[in-house]
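Thanks, everyone, for making the time this morning. I would like to walk through one model with you, going from its helices to a few backbone details in the loops.

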Amino acid sequence: MSLRDNYFFRPLLWPTLMTLAALPVLIGLGLWQVERLAWKEALLARIETRLNEAPVAMPRPEAWETLDAEAEKFRRVTLTGKFLDREFHHFTQDAGGAAGYSVLSPFEVAPDAVVFVDRGFVPLPLKETHGPLPEGEVTFTGVMREPQARSSFDGRDDIEKNVWMVRDPATMGAALEGVTIAPFIVEAEKGSFAGEWPQPKGARIDIPNNHLDYALTWFGLATVLGGIYIAYHKANGRIGRKRKMP
């Protein structure tokens with residue numbers, strides 16, 4: 001006698017239709033997150049490789065117009081030039097969560113061509129009293145970063161108080177007249193400049209990788225849905241074992 005002869009299953013129409021509609025979506029989302037996990041791990045590996053490579057020359061101003069800043073992020077570069085007498089303070093937090101500012105300074109690498117350099121972090125009380133700008137021509141190494149996109153959670157920039165909520169060189173650069181602004185930011189590496197403040201943050205891979213958790217969540221929801229479907233049918237006498245006739 002087969003297993004089919006011993007058990008019965010009479011599926012209900014609407015619970016079955018809804019389950020059949022939802023299960024492929026949940027499983028598909030889980031599989032998509034698995035694909036995203038592989039892509040993210042490859043991206044993080046590529047960034048880690050870049051951070052351990054020797055620095056290269058920063059892209060020249062004539063290449064900025066067509067440069068893909070997203071594709072170049074986390075590349076170590078060496079640049080030479082002089083700082084303009086201007087600072088932009090980006091409201092942020094340090095690695096420990098303390099509020100403060102990233103000090104961004106326009107750095108002229110060629111006549112009328114400026115790169116915004118993140119010189120590092122200062123606590124709130126040192127906004128106006130941190131170390132001075134390096135004078136004269138300087139050469140240092142930093143890491144290229146893409147502009148920060150503004151989200152609905154970011155506050156408004158306070159230009160009068162020199163408080164900026166996103167690190168966007170195009171937005172900040174609008175305050176500088178007659179210069180070409182690089183479509184990227186360079187974060188100075190530790191030890192680039194003398195003085196205690198600002199403190200360069202050093203390259204941090206701040207790209208979240210939660211795709212495995214998301215995949216497990218979607219697969220888990222699919223499993224729970226399947227379990228509820230079976231339990232519901234069992235509770236309503238739609239799944240069971242056939243009684244043997246005496």
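Let me begin with a single side chain, Trp39, which is found in helix α2. Please keep in mind throughout that what we are looking at is a predicted model. Trp39 has a relative accessibility of 44%, and it therefore counts as partly exposed, since that class lies between the 20% limit for buried and the 50% limit for exposed.

The helix that carries Trp39 deserves a moment of its own. Helix α2 has 39 residues, and the distance from its first C-alpha to its last is 57 Å, close to the 57 Å that one expects at 1.5 Å a residue. Its buried residues include Leu26, Gly30, Gln33 and Leu37, and, further along, Lys40, Leu43 and Ile47 are also on that list. In general, an α-helix has 3.6 residues a turn, so residues three or four places apart point the same way. As for what the buried residues of α2 pack against, the partners are α3, which covers residues 69–72, β3, which covers 76–83, and then β7 and α5.

That brings me to α5, the helix of residues 211–235. How far apart are the end C-alpha atoms of α5, and what span should its 25 residues give? At 1.5 Å a residue the helix should span 36 Å, and the end C-alpha atoms are indeed 36 Å apart, so the two values agree. The buried residues in α5 are His211, Ala215, Ala222, Gly226, Tyr229 and His233, and they pack against β1 (7–9), α2 (13–51) and β10 (239–241). After α5 comes Gly237, which has a positive phi, near 70°.

Now to how α2 and α5 are arranged. Their axes come within 7 Å and cross at roughly 165°, and because an angle over 145 degrees is classed in this way, the two helices are roughly antiparallel to each other. The crossing is left-handed, and the residues of this contact divide into 19 nonpolar, 6 polar and 2 charged. To return to the tryptophan, Trp39 and His211 are 172 residues apart in sequence, yet from C-alpha to C-alpha they are 9.9 Å apart in space.

I will finish with the loops, where there are three backbone details to point out. In the loop between α3 and β3 we find Phe74, whose phi is near 70°, a positive value in a residue other than glycine. Is Phe74 buried or exposed? At 1% relative accessibility, Phe74 counts as buried.

Asn162, in the loop between β7 (138–145) and β8 (163–164), likewise has a positive phi, about 55°, although it is not a glycine. With a relative accessibility of 17%, Asn162 counts as buried, because the limit is 20%. Leaving aside residues up to four places away in sequence, Asn162 touches Glu87, Phe88, His89 and Lys127.

The last detail is a peptide bond, the one from Trp197 to Pro198, which is cis, with omega near -5°. Pro198 lies in the loop between β9 (180–188) and α5, which takes us back to the helix we discussed a moment ago.

How values were computed
Residues numbered from 1 in each chain as written. Predicted model: local features only at pLDDT ≥ 70, side-chain atom pairs only at ≥ 80, totals over all residues. Heavy atoms only, no water. Helix = DSSP H or I, 4+ residues; strand = E, 2+ residues; numbered from the N terminus. Expected span 1.5 Å × (residues − 1). Buried < 20%, exposed > 50% of the residue type's maximum accessible area, 1.4 Å probe, protein only. Contact = heavy atoms within 4.5 Å. Axes fitted to C-alpha atoms, helices over the stretch in contact; angles between N-to-C directions. Parallel < 35°, antiparallel > 145°, perpendicular 65-115°, else oblique. Left-handed = near helix turned anticlockwise from the far one by under 90°. Nonpolar A, V, L, I, M, F, W, Y, C, P; charged D, E, K, R; others polar.
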